[in-house]
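Colleague: I'm new to this structure, so could you take me through one part of it at close range, starting with what surrounds the ligand and going on from there?

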Amino acid sequence: MNNTDDSDRLRAQVRSWLERNVPRDWRQTVTGADQDFFVRQQRDWFSRLVEAGYATPHWPEGWPGGGRSLAEQKVIYEEVARADAPRLILFFVALYHSACTLIEWGTAAQKEKYLPGILKGQVWCQGFSEPNAGSDLAAVRTRAELRGDRYVINGQKTWSTLAQHADRCLLLVRTGKSEPPQGGLTYLLLDMRSKGVSVRPIAQITGDDEFSEIFFDDVEVPVEDRVGEEGQGWAVAQSTLSSERGLTLVELTQRMRYSLARFPTLMRERGRFDDPILRRELGGLIARVDAVCALADRYLLKRISGEEAAGDASLVKLNYARTLREFTLLGLRIGGLESQYREGFTRGGSQETGNWAVDFMNSYNWSIAGGSDEIQRNIIAERLLGMPREPRTWQLPVERS
Ligand SMILES: Cc1cc2nc3c(=O)[nH]c(=O)nc-3n(C[C@H](O)[C@H](O)[C@H](O)COP(=O)(O)OP(=O)(O)OC[C@H]3O[C@@H](n4cnc5c(N)ncnc54)[C@H](O)[C@@H]3O)c2cc1C
């Protein structure tokens, strides 16, 4: 998109489509509802967005809805946030992680087999983390052994978001024996209905069970469902992970900006509109939300102009996570004791739904998922600021006698 007229035209189109199509009562109907209802609602919203061509603006030219410039994508994400439309959480891994990985690494046959299925509503999950391999994915232990034309998998994954609804899984497994830890990893596409797969949802502090453990007992994956070569899994996984940050944060930071309007209303409702301390804190929060929106915008500009540096996306994510914690905490404080009751949660909302107790607990997701705050700080320090790399191993200093 080259000029402001084009941008304004697209914005007007998207806005008018959203005005006609966002289900007005989606928050009320999904709040407190069970997961089956949430899945139906997400499927309905997803198919509408696919039909309009707004679900896949980041896909390349040639695929439905794809071929949009970054500037056009930004307009779409901003308008979706402004309209307070449901977030496509159920399809997030399919649309971003799976699609971006397949587009970069998949064979023609794999793209043909899987990308159309995603557009039809196939749900994917990501099976990377294990009980002892989260920040350090090189420690993955789930094993895959090549027997004839199939890999046979045994082991366990954890924290797989919405795996209980998934049709397919992006799976990182260990195939090598003697290679250095990163070199022995392989990347597979798993059919979640394969024999030997069992899924156990994990109860969370919010009362939800959004993610699951996955267990593998002699599960078979055909060799044609391997992405990249055997032993190349680490490099393929990096593509998957880099699709997670960045653009989606433009939508999320904008959502937080539009949600700021909740605070004055809440202060009035609680008779605390003139409270000077809360006013000062709200002023500070507005400045911080503006700053994080500006960071996300600057990040996008750098991407558009090809100047993105390693670590830029981490800067946005780290600041978003911190601001979201402050945002939800202020909501909790203004809301008082009443806001600390745990109401039914709103699946498919962002983490600033106005259901403060749940929002506050959920805000910590962002400090962990997709790389914890500490890991983002390491990336910023080493790659953006050029500080020395952290030691490869760290041990308690030995006491001198
Ligand atoms: C909401 C949510 C959704 C998720 N969804 C998925 C999913 O769909 N699929 C999936 O595979 N995983 C998923 N995860 C898992 C997530 O990727 C991991 O939790 C995350 O990478 C952290 O790993 P860990 O939990 O093993 O913690 P650890 O790696 O054990 O870290 C524990 C603590 O030590 C710190 N630490 C570790 N190493 C260092 C270091 N080198 N320097 C400084 N500090 C360090 C960490 O920052 C953290 O505070 C999800 C997590 C959350 C919270």
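Modeller: Happily! Start at Trp159, where a polar backbone atom lies 3.0 Å from a nitrogen atom of the ligand. This is a predicted model, in which local features need pLDDT of at least 70 and side-chain atom pairs count only at pLDDT 80 or more, while totals for chains, interfaces and linings use all residues. Residues are numbered from 1 along each chain as its sequence is written, and side-chain values use heavy atoms, with hydrogens and water left out.

Oxygen atoms of the ligand also have backbone partners. A backbone N or O atom of Phe128 is 3.0 Å from one ligand oxygen atom, and for Gly134 such a backbone atom is 3.4 Å from a ligand oxygen atom. In total, 17 residues are around the ligand (a heavy atom within 4 Å). Ser129, Ser135, Trp159, Ser372 and Glu374 come nearest.

Now turn to helix H11, residues 312-335 (a DSSP run of H or I, at least four residues). Helix H12, residues 356-363, packs against H11 at about 160°, with the axes 9 Å apart. H11 and H12 are therefore roughly antiparallel (over 145 degrees; under 35 is roughly parallel). Among the residues making this contact (heavy atoms within 4.5 Å) are Leu324, Phe327 and Leu332 of H11 and Trp356 and Phe360 of H12.

Helix H9, residues 262-269, is another partner: its axis comes within 9 Å of that of H11, crossing at roughly 15°. That makes H9 roughly parallel to H11. Here Phe263, Leu266 and Met267 of H9 meet Phe327, Leu330, Gly331, Ile334 and Gly335 of H11. Phe327 of H11 therefore appears in the contact with H12 and also in the contact with H9.

Note on methods. Axes are lines fitted to C-alpha atoms, for helices over the stretch in contact, and angles run from 0 to 180 degrees between N-to-C directions. Helices (H or I, at least four residues) and strands (E, at least two) are DSSP runs, numbered from the N terminus. Angles under 35 degrees count as roughly parallel, over 145 as roughly antiparallel, 65 to 115 as roughly perpendicular and the rest as oblique. A polar contact is a pair of N or O atoms within 3.5 Å; within protein, one must be able to donate a hydrogen and the other to accept it, and residues adjacent in sequence count only if both atoms are side-chain atoms.
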